[in-house]
Amino acid sequence: MSLQAFIHLLKHEFRWGRNDKADNSGNWWIAYVAAVAVAGFVLYTWAVVEGKFKPQYLWNFVLGLPFAIFMLGFNMILREWKNGTNGWWLSLPYPRLSLLLAKYAAVILQSFILITAALAGCMLFSVYASVLKAETFGQEFLFRLFQGELVWYGLILIYSPFMAAFGLLTGTVTQSRWRPLAPLMWLGFGISGNALWWIAWFGGWMESLSELDQSGEAMAFSLQFPFVFLLAPLVALSCLLLLWSGRILDKDLNL
Amino acid sequence: MMMAAAVRSENLRKRFGGKPALDGLDAYIPAGRVTGVLGPNGAGKSTFFRMIAGLIRPDHGRLEVLGSEPGWRTNREIAYLPDRARWYRHHTVERALQWAEHLLPGFNRERAEQLLALMGLDPDMKAAGMSRGEEARLMLTLCVARDVAMIVLDEPFAGIDVVSRERIVSALIDNMSDRRQTMLISTHEIDEAESLFDHVVFIERGRLKMAGEAEALRVEHGSMENLYRKLYR
């Protein structure tokens with residue numbers, strides 16, 4: 001496959017949501033989303049001022065990101081069948097692994113955007129908390145918080161190639177003669193999606209990290225832990241999952 | 001005299017969940033001609049076409065397409081319209097043309113624009129807002145506007161109105177007049193499509209029931225539809 005064709009396919013795959021309406025008349029749900037966002041903002045302001053909420057609690061949302069990344073991969077495959085376009089996709093004159101890699105690259109890009117947006121959101125809300133209650137969430141607090149946020153989001157970033165590949169594989173398995181494995185894959189989804197939580201929990205540093213303890217032990221641990229060395233095995237595992245998906249697309253599809 | 005084969009299958013078998021879809025199909029599709037692949041629902045036509053397009057592999061037997069084993073490489077020379085296919089809902093007609101230009105070898109943009117005019121499709125139309133007939137015409141345009149050795153159309157008339165069917169048939173006739181491509185068409189709309197066929201293959205329960213030159217069969221049986229009724233009654 002030429003680079004030009006690959007890039008075109010990547011652009012084609014890179015789209016959020018359904019985006020399949022004939023016009024914009026069905027976008028009324030945006031009003032509800034905006035209302036919920038405004039209500040959430042008001043509630044956050046009140047909780048921070050009253051001392052009922054700390055900005056680091058926002059990190060809990062991070063734990064959901066691996067699940068979201070998996071679903072991006074899973075839906076990337078599923079939508080070909082759901083939308084009736086699988087015949088076009090599979091009959092393209094390129095190796096199935098290349099077709100899959102275009103989807104994988106699209107999911108990785110989407111994940112990166114998602115993770116970055118979540119990080120930016122967390123930081124903005126933290127700064128806002130600092131403005132609201134400078135005596136509690138002052139400059140020193142913000143510095144430690146940003147350090148912690150970067151660690152959490154770095155972890156997710158390192159983990160996302162694996163979750164994306166796993167999502168693509170699960171999507172492929174559900175459309176193949178390997179379908180009986182699907183319940184096991186979903187079990188794996190539950191376990192692997194929570195991997196960061198498991199690591200933090202069993203490492204015994206989750207609580208102290210989320211409390212931003214003054215001793216700095218948790219922070220020191222999180223910064224010293226060689227997370228970056230997890231990247232190589234995770235990428236290797238992702239490659240194996242992608243190769244398996246490619247083989248299924250080649251030989252074992254139920255059409 | 002037998003012409004060169006575009007597709008040749010020997011004892012082709014495929015089962016889905018224990019049920020045979022193809023059960024020893026021996027077929028010969030001549031090159032450079034229009035072949036109608038006919039048979040009732042469940043006869044194995046779509047399975048045969050999916051194998052030709054390399055989407056699925058036979059469990060047993062031999063299939064040769066354009067002199068090679070079918071797969072993504074042979075698809076460079078095959079324009080395939082899948083059965084019950086839909087187009088990408090977020091595409092406009094123009095974006096669909098760009099998609100084809102970038103991803104489908106041999107796609108002829110100029111030819112596609114001529115066909116779109118014939119099909120009554122505007123470049124700004126969005127697939128999500130199209131009728132089934134308009135969507136079918138768009139998909140057919142993307143297949144037919146390719147300079148490739150073989151075009152495979154699986155049920156191109158299914159679920160679409162008479163006007164769209166007539167437009168599609170006239171586009172196909174127009175296409176054949178200046179090209180020597182192999183074309184395979186499976187359809188239940190025999191009455192409307194039979195004028196297109198040079199050669200016909202009848203399939204039943206995954207096996208070949210009858211094959212021959214369309215003209216000779218028409219002379220012998222009055223029409224292809226008559227023959228179809230006789231064979232599958």
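Which residue stands opposite Met183(B) in β7(B)? In this predicted model, the residue across from Met183(B) is Ile151(B). That pairing is a handy way into chain B, since strand β7 of chain B has plenty going on around it.

Start with its neighbours. Strand β6 (residues 150-154) of chain B runs parallel to β7(B), and the two are joined over five bridges. Strand β3 (residues 34-38) of chain B also pairs with β7(B) in the parallel sense, this time over four bridges. Here Gly36(B) has Ile185(B) as its bridge partner in β7(B). There is a helix in the picture too: β6(B), helix α5 (residues 162-177) of chain B and β7(B) together make a right-handed β-α-β unit.

How does β7(B) sit in its surroundings? Five of the five residues of this strand (residues 182-186) are buried, so β7(B) is largely enclosed by the rest of the structure. In a regular strand, side chains alternate between the two faces of the sheet. In β7(B), Thr182(B), Leu184(B) and Ser186(B) point one way, while Met183(B) and Ile185(B) point the other way, and all are buried.

Leu184(B) turns up again among the contacts of Val152(B), along with Phe49(B), Ile52(B), Ala53(B), Ile78(B), Tyr80(B) and Leu81(B), leaving aside residues up to four places away in sequence. Val152(B) is also one of the residues with the most contacts inside the largest nonpolar core, a list that includes Ala165(A), Leu168(A), Met139(B) and Cys143(B) as well. This core has 116 residues, and its largest share, 13 residues, comes from helix α6 (residues 139-174) of chain A. In soluble globular proteins, nonpolar side chains tend to be buried together.

Chain B also has an open sheet of three strands, in the order β2-β1-β4, with antiparallel pairing. At the edges stand β2 (19-30) and β4 (60-65) of chain B, each with a single partner strand, so one side of each has no neighbour in the sheet. From one strand to the next, the twist averages 15°. Nine bridges link strand β1 (residues 5-16) of chain B to β2(B) in the antiparallel sense, and Arg15(B) stands opposite Pro20(B) in β2(B). Helix α1 (residues 45-52) of chain B packs on the sheet and touches β1, β2 and β4 of chain B, with its direction at about 65° to that of β2(B).

Finally, the two chains meet: 25 residues of chain A are in contact with 24 residues of chain B. On the chain A side, α1 (3-13) and α4 (86-90) of chain A each give two or more residues, and α1(A) gives the most, with five. By class, that side has 11 nonpolar, nine polar and five charged residues.

Technical notes: Residues numbered from 1 in each chain as written. Chains lettered and ligands numbered in written order. Predicted model: local features only at pLDDT ≥ 70, side-chain atom pairs only at ≥ 80, totals over all residues. Contact = placed C-beta atoms within 7 Å. Nonpolar A, V, L, I, M, F, W, Y, C, P; charged D, E, K, R; others polar. Core = buried A, V, L, I, M, F, W, Y, C linked by C-beta atoms within 7 Å. Buried ≥ 20, exposed ≤ 12 C-beta atoms within 10 Å, placed from the backbone. Pairing = 2+ DSSP bridges. Right-handed = clockwise from strand over helix to strand, strands pointing away. Axes fitted to C-alpha atoms, helices over the stretch in contact; angles between N-to-C directions.
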